[in-house]
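Welcome to a short tour of a protein model. Keep the picture open beside you, and look up each part as you read about it.

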Amino acid sequence: MAEKRLNDNCSMYEAARLNIADCTVKTAISFYGKKYSFDEVFRRIDLLADNFSAEYGIGKGDVVTLCVPNSPAAVFAFYAVNKLGAIVSLVHPFIPPEKLKESVQKTESKLLVLYDLYPCGKYDFGVPALVSNSGAYMGRAARLYYACTQKKRAKGYTSLEIYLKDRKNPKRLAASFEADEPAVLLASGGTTDEPKTIAHANRVCNRLCAKAQEFLGEKLENYRAMYNVLPIFHGYGLCINMHMCMMMRRTSIMCLKFSAKRSARQIVRERANVLTGVPTMYLKLLAEKSFTEADLSAVKDVFVGGDAVPQKLIDDFNAVLKKGGSNARMYVGYGLTETAGVCVVNTRAHHRENSIGYPLSGTEIGIFRDGKRVLDGEIGEICLHTEQAMLGYFSEEENPFMEAEGKRWLQTGDYGWADSEGYLYFKQRIKNMIKVSGVPVYPCEVEEAALLVKGVQKACAVGADDPIKGQVVRLYVEKEANSDDEALRNEILKTCRKRLIGYAVPKEIVLEEKLPVNLIGKIDRKELEERGGEIVQ
């Protein structure tokens, strides 16, 4: 097996160099009308690594922060830093400048890489900052359109692109990493509400990507391209999208920012084989005729996760795939930033309706309550014994691991249950559970009931303070346009009363044109929780 060439000390740069699938696909990146071969990508990575070392002294153990969306520049910079033995800190490209500066200081970064549309003007981050011009990597037509329609906001910084030109600097050899040495820092909410910085070793990302065949419905040689919209600061976007394409020598069709109309055109025109995304992205694609009426025969696998996935979305999307000539079906997966993205997933080989998946090799599911494993079918906290576990939280003492049965388990902070065959079923984030008169209410069950009602696009149930019951359920609903609000409320209440225990029936239903979403397209539950206010009878 080609994977045997990998070892735990192999950097992500070296793993990408190995071409472990021995694939002959030549195009590494397709980016708005321009294609980059693998040879060209590695030439630019090596050149950037040389210049980062020569100009900024980046080397073993240093930290470089990347605040960039999906673009060729993100690929070049990530692997260049990794090649030098330095640590890459990945942050959200929409993070406010003050928060970005805090992250740079917290990680003691030596260099910062931004993109041209980062909304900071000229801001002092306390370290040297480089700015990448995203348009420079596009085809001519897209580049001209980008230049005319996008106003650059990050001003007065050195251009990253000058370090992608030939310069007379000595060639740097790839640095080595220890097996448990941090290589990547990812931001997450962790198992509490406090933001956490998660440290991962190279081996975790490499092992996950070497499992490509476990995800896929067909033989690996039948795949040529993946549509990559999930950003690289997201564990799934980093590993399954960017790094897996590099390791397996498949084309990464990169997208700066999701747009249903533009994404539909890219997926169809470039004949993407694999789609990955969050529910809101797929809902928007279903509203695009250029997608729903297109030839989708090239699509072989579709994966969704990161938020609750309504069965109606799965059914509707599968119907569109079938109509478009695709044998693919939408499959739900589960993972955490603490596990570098997905570690449990439904696939063509292992699939159970309503489950969130079957564990990948190297991962064991345990359902625990009060430190003891519960029986199959019983609800408890989902815990994972996995080779994909993080090294820990960077510069923080919180420990989400527990020892049980002679093994080290990652406590996820999620409630769920597992069946006798090993499939996992999600119940609720522990911190999102609502207690009405002391009785646990699972918001996902309320939301699932509401989504059965015609006219409900999205739903989010949160707890609202009540002087007698402690909490009651407030349900936020994104409604269809021109709906009859009173009739819709009555139908939602009727359905909830039929399907839920009395404690879970919403005390208030708030109808809105649009529910807020966070920076990666999930419903922003925290914003809805923080709205507060008295219950309107």
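A residue is called buried when its relative accessible area is under 20%, exposed when that area is over 50%, and partly exposed in between. Keep in mind that this is a predicted model. With that in hand, strand 19 (residues 380-386) is a good place to begin: six of its seven residues are buried, so the strand is largely enclosed by the rest of the structure.

**Strand 19 and its partners**

- Strand 17 (residues 363-369) runs antiparallel to strand 19, and six bridges pair the two.
- Within this pairing, G366 sits opposite C383 of strand 19.
- Strand 19 also pairs with strand 22 (residues 407-418), again in the antiparallel sense, over four bridges.
- If you find L384, look across to strand 22: the bridge partner there is L410.
- Strand 22 pairs with strand 21 (residues 401-404) too, antiparallel and over four bridges.
- E403 faces R408 of strand 22.
- Strands 21 and 22 make a hairpin with two residues between them, and E405 in the turn has a positive phi of about 55°.

**A nine-strand sheet**

- Nine strands build an open sheet with mixed pairing, in the order 2-1-11-10-12-13-14-15-16.
- Which strands stand at the edges? They are strand 2 (34-37) and strand 16 (358-359); each has a single partner strand, so one side of each is left without a neighbour in the sheet.
- Inside that order you can find strand 14 (residues 330-336) and strand 15 (residues 341-345), which run antiparallel and are joined by four bridges.
- One pair to look for here is Y334 and its bridge partner in strand 15, V344.
- While you look at strands, a general point helps: in a regular strand the side chains alternate between the two faces of the sheet.

**Helix 8 and its surroundings**

- How many residues of helix 8 (residues 235-248) are buried? The count is 14 of the 14, so this helix is largely enclosed by the rest of the structure.
- P231 belongs to the loop between strand 10 (225-228) and helix 8.
- P231 has a relative accessible area of 15%, so it counts as buried.
- P231 and V68 are 163 residues apart along the chain, yet their C-alpha atoms are separated by 8.7 Å.
- R249 follows helix 8 and lies in the loop that leads to strand 11 (251-254).
- The phi of R249 is near 55°, a positive value in a residue other than glycine.
- Is R249 buried or exposed? Its relative accessibility is 9%, so R249 is buried.

**Another positive phi**

- R271, in the loop between helix 9 (260-269) and strand 12 (274-277), has a positive phi near 50° and is likewise a residue other than glycine.
- R271 has 42% relative accessibility, so it counts as partly exposed.

**Charges that pair**

- Side chains of opposite charge can pair when their charged atoms come close.
- The structure holds 32 salt bridges.
- One of them joins the side chains of E181 and K60, at 3.0 Å from N to O. E181 is in the loop between strand 7 and strand 8 (182-188), and K60 is in the loop between helix 2 (38-56) and strand 3 (63-66), so the pair ties together parts that are 121 residues apart in sequence.
- E181 is buried at 19% relative accessible area, while K60 is partly exposed at 45%.
- D62 and K110 form another salt bridge, with their closest N and O atoms 3.5 Å apart. This pair links distant parts of the chain, 48 residues apart: D62 lies in the loop between helix 2 and strand 3, and K110 in the loop between helix 4 (97-106) and strand 5 (111-115).
- D62 is buried, at 19% relative accessibility, whereas K110 is partly exposed, at 34%.

**Charges that gather**

- K151, R153, K155, K257 and K284 come together in a surface patch of positive charge.
- Among them, K155 is in the loop between helix 5 (140-149) and strand 7 (158-159).
- K155 has 48% relative accessibility, so it counts as partly exposed.

Definitions and conventions: Residues are numbered from 1 along each chain as its sequence is written. This is a predicted model: local features need pLDDT of at least 70, side-chain atom pairs count only at pLDDT 80 or more; totals for chains, interfaces and linings use all residues. Side-chain values use heavy atoms; hydrogens and water are left out. Buried means under 20% relative accessible area, exposed over 50%, partly exposed in between (1.4 Å probe, protein chains only). Two strands pair if DSSP finds at least two bridges between them. Patches are made of residues with over 30% relative accessible area and no salt bridge: like charges are joined within 9 Å, nonpolar side chains (Val, Leu, Ile, Met, Phe, Trp, Tyr) within 5 Å. Accessible areas come from the Shrake-Rupley method with a 1.4 Å probe; for residues, only the protein chains shown count as cover. A salt bridge is a side-chain nitrogen of Lys or Arg within 4 Å of a carboxyl oxygen of Asp or Glu. Lys and Arg count as positive and Asp and Glu as negative; His and the chain ends are not counted. The place of a charge is taken as NZ of Lys, CZ of Arg, CG of Asp or CD of Glu.
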